[in-house]
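Here are my notes from going through this one, point by point. Have the viewer open while you read.

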Amino acid sequence: MFEGDLQEGELAQVTQAIQNAFRGSQASSPRTIGRSSVASPPCDTDATDFDQVEEAEEVGADNIPRARPVRKARAPKVPNPVNDLDVKSEPSLKDFVADYDVKSGFEKYLVIALWLRDGRDINSFTVDHIYTCFKLIGWSTNSNDFSKPLRNLADNKFLSGDSKGYSLSLTGAGKIEDKKRNSE
């Protein structure tokens with residue numbers, strides 16, 4: 001109990017001083033309430049702010065918004081080269097690709113898929129096949145997710161299948177056949 005003559009306004013200052021003494025030097029450190037943390041009010045606030053914090057502690061963490069857990073970004077798998085892929089016998093990969101006017105990444109994926117199907121009779125291919133062909137042609141393989149264009153092409157019905165094996169659809173073959181250069 002505290003006895004003494006205090007003038008108006010001094011009670012708030014004394015209350016503030018007592019609360020600061022109990023809090024010590026950790027005036028701005030966060031306190032945990034439930035599963036979330038709430039920062040302690042700064043020292044220059046009045047006593048009613050502390051009452052609100054204490055009321056929040058009494059109510060519990062039900063009214064405090066929770067932050068969503070942060071998910072780690074999964075590093076994409078780097079494709080492995082296919083060592084037994086014959087790219088030199090007729091039609092060679094470079095000659096086949098040279099017959100098409102491909103500019104976008106999607107078109108490059110489709111022309112390789114067409115070469116795999118028509119030139120090598122490989123109806124089901126993986127990202128490893130595409131990656132190997134990109135490397136052998138000299139196209140850039142600097143991508144955070146090299147299989148993303150394959151998934152997009154499959155979503156748009158230019159390819160069918162999934163990461164275990166894609167195949168060129170009629171729509172995809174038609175799209176890339178439109179890019180064939182005139183051989184005359």
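1. One cut-off before anything else: a residue counts as buried when its relative accessible area is under 20%, and as exposed when that area is over 50%. Keep in mind too that this is a predicted model. With that cut-off, Asp128 is buried, because its relative accessibility is 16%.

2. Let's stay with Asp128 for a moment. Asp128 sits in helix 5, and its side chain comes to 2.9 Å from the backbone nitrogen of Asn80. Once neighbours within four places in sequence are set aside, the contacts of Asp128 are Pro79, Asn80 and Val82. You can also check the distance from Asp128 to Asn83: their C-alpha atoms are 9.9 Å apart, although 45 residues separate the two along the chain.

3. Now the overall layout. The protein chain has seven helices and four strands, and from the N terminus the order reads α-β-β-α-α-α-α-α-β-β-α. Of the 184 residues in the chain, 35% are buried. If you take the contacts between residues at least 6 apart in sequence, 59% of them link residues at least 24 apart.

4. Much of what follows involves helix 4, so start with its packing on helix 5. Helix 4 covers residues 105-120 and helix 5 covers residues 127-137; the angle between them is about 105 degrees and their axes are 10 Å apart. The two helices are therefore roughly perpendicular. On the helix 4 side, the contact uses Lys108, Tyr109, Ile112, Ala113, Trp115 and Leu116, and on the helix 5 side His129, Ile130, Cys133, Phe134 and Ile137. Sorted by class, that contact between helix 4 and helix 5 comes out as nine nonpolar residues, one polar and one charged.

5. Next, helix 4 against helix 6. Here the angle is about 80 degrees, again with the axes 10 Å apart, so helix 4 is roughly perpendicular to helix 6. Phe106, Tyr109 and Leu110 from helix 4 meet Pro149, Leu150, Asn152 and Leu153 from helix 6. In this contact of helix 4 with helix 6, six residues are nonpolar, one is polar and none is charged.

6. Which residues of helix 6 are buried? In this helix (residues 148-155) they are Pro149, Leu150, Leu153 and Ala154. Those residues span an arc of only 140 degrees around the axis, so they sit on the same side of helix 6. The elements they pack against are helix 4, helix 5, strand 3 (159-162) and strand 4 (165-168). One backbone detail to look at just after helix 6: Lys157 has a positive phi of about 70 degrees.

7. The loop between helix 5 and helix 6 deserves a quick look as well, since Thr141 is found there. Is Thr141 buried or exposed? Its relative accessibility is 17%, so Thr141 counts as buried. Not counting residues up to four places away in sequence, Thr141 touches Tyr131, Phe134, Lys135 and Phe146. Phe134 also turns up in the contact of helix 5 with helix 4.

8. Last comes helix 7, residues 170-177, where the buried residues are Gly172, Ala173 and Ile176. Down the axis of helix 7 they stay within an arc of 100 degrees, so they line one face of the helix. The elements covering them include helix 4 and strand 4.

9. As for how helix 4 and helix 7 pack, the angle is about 110 degrees and the axes are 9 Å apart, which makes helix 4 roughly perpendicular to helix 7. The residues that meet are Glu107, Leu110, Val111, Leu114 and Arg117 in helix 4 and Gly172, Ala173, Lys175, Ile176 and Glu177 in helix 7. What is the class make-up of the contact of helix 4 with helix 7? The contact has five nonpolar residues, one polar and four charged. Leu110 of helix 4 is worth selecting in your viewer: this residue is listed in the contact with helix 6 and also in the one with helix 7.

Technical notes: Residues are numbered from 1 along each chain as its sequence is written. Side-chain values use heavy atoms; hydrogens and water are left out. Axes are lines fitted to C-alpha atoms, for helices over the stretch in contact, and angles run from 0 to 180 degrees between N-to-C directions. Angles under 35 degrees count as roughly parallel, over 145 as roughly antiparallel, 65 to 115 as roughly perpendicular and the rest as oblique. Contact means heavy atoms within 4.5 Å. Ala, Val, Leu, Ile, Met, Phe, Trp, Tyr, Cys and Pro count as nonpolar, Asp, Glu, Lys and Arg as charged, and the others, Gly among them, as polar. Buried means under 20% relative accessible area, exposed over 50%, partly exposed in between (1.4 Å probe, protein chains only). A polar contact is a pair of N or O atoms within 3.5 Å; within protein, one must be able to donate a hydrogen and the other to accept it, and residues adjacent in sequence count only if both atoms are side-chain atoms. The arc is that of the directions from the helix axis to the C-beta atoms.
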